[in-house]
Amino acid sequence: MVMPAMIGGSGNWSVPILIGAPDMAFPRLNNISFWLLPPSLLLLLSSALEEVGSDTGWTVYPPLSGITSHSGGAVDLVISSLHLSGVSSNLGSINFITTIFNMRGPGMTMHRSPLFVWSVLVTAFPLLLSLPILAGAITMLLTDRNFNTTFFDPTGGGDPILYQHLFWFFGHLEVYIPILPGSGIISHIILTFSGKPVFGYLGMVYAMINVDTRAYFTAATMIIAVPTGIKIFSWIATMWGSIQYKTPMLFAVGFIFLFTIGGLTGIVLENSGLDIALHDTYYMVAHFHYVLSMGAVFALFVGFHYWVGLSGMPRCIPDYPYVYAGWNALSSFGSYISVVGICRFFVVITITSSMERTKDVLQVLGLLNKIQQHRNGWYKVLQPFIHLENFQLSRRRKVM
């Protein structure tokens with residue numbers, strides 16, 4: 001969702017306007033790039049209808065994604081979906097690079113281009129570099145599943161860890177791809193609502209470029225901290241003074257806070273020794289999601305508010321002009337979805353807690369049952385002695 005909205009939506013709409021171009025360089029290439037996404041989405045959704053679905057996680061690691069664990073066609077449908085979306089992204093990247101380099105208006109040099117244009121350009125290059133690696137990895141997985149190759153099967157001399165290495169050669173670049181257009185959007189919001197040019201324009205430009213020219217290995221991850229810190233401090237310096245606290249600006253401030261937390265946890269991961277201990281743990285998951293799930297999605301919200309908005313749709317009023325009826329219905333529909341999600345959350349919590357209580361009750365009943373069994377067993381052992389004691393008591397009573 002983030003990449004089609006950031007690049008396909010905001011990029012295709014805003015980049016030609018920001019550089020003074022009439023349209024993208026290759027409109028038909030743009031068209032096919034878009035129309036590859038619906039069949040990709042259809043294949044991904046249809047995988048859920050095949051047997052138990054593609055229960056492999058988002059990384060599609062073998063051997064869980066192998067033919068022995070998923071004998072149906074669900075994983076094959078997911079691989080086909082990834083191929084189509086990858087081709088779509090590559091075509092879009094070629095279009096953006098050509099447009100930005102060749103179709104800028106008179107006087108619009110590269111160093112005068114807005115930061116969002118730079119962020120889209122810098123995003124397009126790692127997309128072109130990283131997606132073929134993923135395509136190769138999932139193609140090898142596809143042949144393992146359908147043509148009896150053993151790239152990732154140890155019984156045939158393969159290695160499942162090879163897939164993990166290939167995936168993260170793609171993934172280590174890819175994790176920065178969604179956040180870069182977001183940083184460009186945030187720069188526009190902050191300079192607009194701060195009423196001044198962004199602080200350190202050239203530093204911001206080369207900070208974005210430096211993020212994607214780093215080495216792959218963990219020891220070089222500290223390089224990322226420098227340009228990221230430059231961007232954070234440039235945003236804060238730009239905001240110094242009078243700020244208009246409109247909705248986009250509030251989202252931008254939230255983005256800076258979440259992005260800073262994600263960046264600080266990333267600095268911890270730059271230590272090679274710690275990274276070995278923290279790899280595949282929830283610390284890594286938290287770092288990843290602070291940067292992407294919350295940081296990039298906040299940037300997506302702020303871009304929508306800033307460039308698209310709701311056409312001035314007012315809030316918290318009893319009545320509004322008829323022209324806003326469609327937007328109001330859309331907002332209402334979104335609130336219904338939120339209510340359904342909240343209800344489902346509470347249902348899951350209730351079912352889970354009731355199952356825990358039921359399990360506790362069953363455990364107590366089982367313990368009582370075991371105690372009763374032990375008591376019955378001891379009673380059978382001691383029964384002759386009990387009868388003997390009763391017999392002796394009765395004889396004493398008769399003698400008395």
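The legends below describe an overview and several close-up views of a predicted model.

**Figure 1. Overview of the chain as a helical model.** The chain of this predicted model holds 13 helices and zero strands, so that, by the definition of these elements as DSSP runs, the order from the N terminus on reads as α repeated along the chain. Of its 400 residues, 37% count as buried, and the chain exposes about 23300 Å², with carbon and sulfur atoms supplying 70% of that area. Among contacts between residues at least 6 apart in sequence, 74% join residues at least 24 apart.

**Figure 2. Helix α5 and its kink.** Helix α5 covers residues 115-146, and its 32 residues, at 1.5 Å a residue, should span 46 Å, which agrees with the 46 Å between its end C-alpha atoms. Within α5 there is a kink of about 25 degrees at L128, and this kink lies shortly before the proline P132. T139 also belongs to helix α5, and T139 counts as partly exposed because its relative accessibility is 34%. The C-alpha atoms of T139 and S80 are 9.2 Å apart in space, although 59 residues separate T139 and S80 in sequence.

**Figure 3. The salt bridge between helices α5 and α4.** A search of the whole structure finds one salt bridge, and the side chains that meet in it are those of R145 and D76, at 2.8 Å from N to O. The pair links distant parts of the chain, since R145 lies in helix α5 and D76 lies in helix α4, 69 residues apart. R145 is buried, with a relative accessible area of 5%, and D76 is buried as well, with a relative accessible area of 16%; both count as buried because the cut-off is under 20%.

**Figure 4. S88 and its contacts in helix α4.** S88 is a residue of helix α4, which covers residues 74-102, and S88 counts as buried because its relative accessibility is 4%. When the neighbours within four places in sequence are left aside, the residues in contact with S88 are S33, L36 and L37.

**Figure 5. The loop between α3 and α4.** P63 is placed in the loop between α3, residues 37-46, and α4, and a cis peptide bond with an omega of about 5 degrees joins P62 and P63. V60 is found in the loop between α3 and α4 too, where V60 has a positive phi of about 55 degrees although it is not a glycine. Both features are worth pointing out, because most residues other than glycine have a negative phi, and most peptide bonds are trans. At 4% relative accessibility, V60 counts as buried.

**Figure 6. N148, just after helix α5.** N148 sits just after α5, in the loop that leads from α5 to α6, residues 160-174. N148 takes a positive phi of about 60 degrees, although it is not a glycine. With a relative accessibility of 72%, N148 counts as exposed.

**Figure 7. A nonpolar patch on the surface.** I342, F345, F346 and I349 form a nonpolar patch on the surface, and together these residues have about 410 Å² of accessible area. I349 is found in helix α13, which covers residues 325-399, and I349 is partly exposed, with a relative accessible area of 43%. As a general guide to such a view, an α-helix has 3.6 residues a turn, so residues three or four places apart point the same way.

Notes: Residues numbered from 1 in each chain as written. Predicted model: local features only at pLDDT ≥ 70, side-chain atom pairs only at ≥ 80, totals over all residues. Heavy atoms only, no water. Patch = residues over 30% accessible without salt bridge, like charges linked within 9 Å, V, L, I, M, F, W, Y side chains within 5 Å. Areas by Shrake-Rupley, 256 points an atom, 1.4 Å probe, with all protein chains shown as cover. Salt bridge = Lys/Arg side-chain N within 4 Å of Asp/Glu carboxyl O. Helix = DSSP H or I, 4+ residues; strand = E, 2+ residues; numbered from the N terminus. Buried < 20%, exposed > 50% of the residue type's maximum accessible area, 1.4 Å probe, protein only. Expected span 1.5 Å × (residues − 1). Bend = angle between axes of the 7 residues up to and from the residue. Contact = heavy atoms within 4.5 Å.
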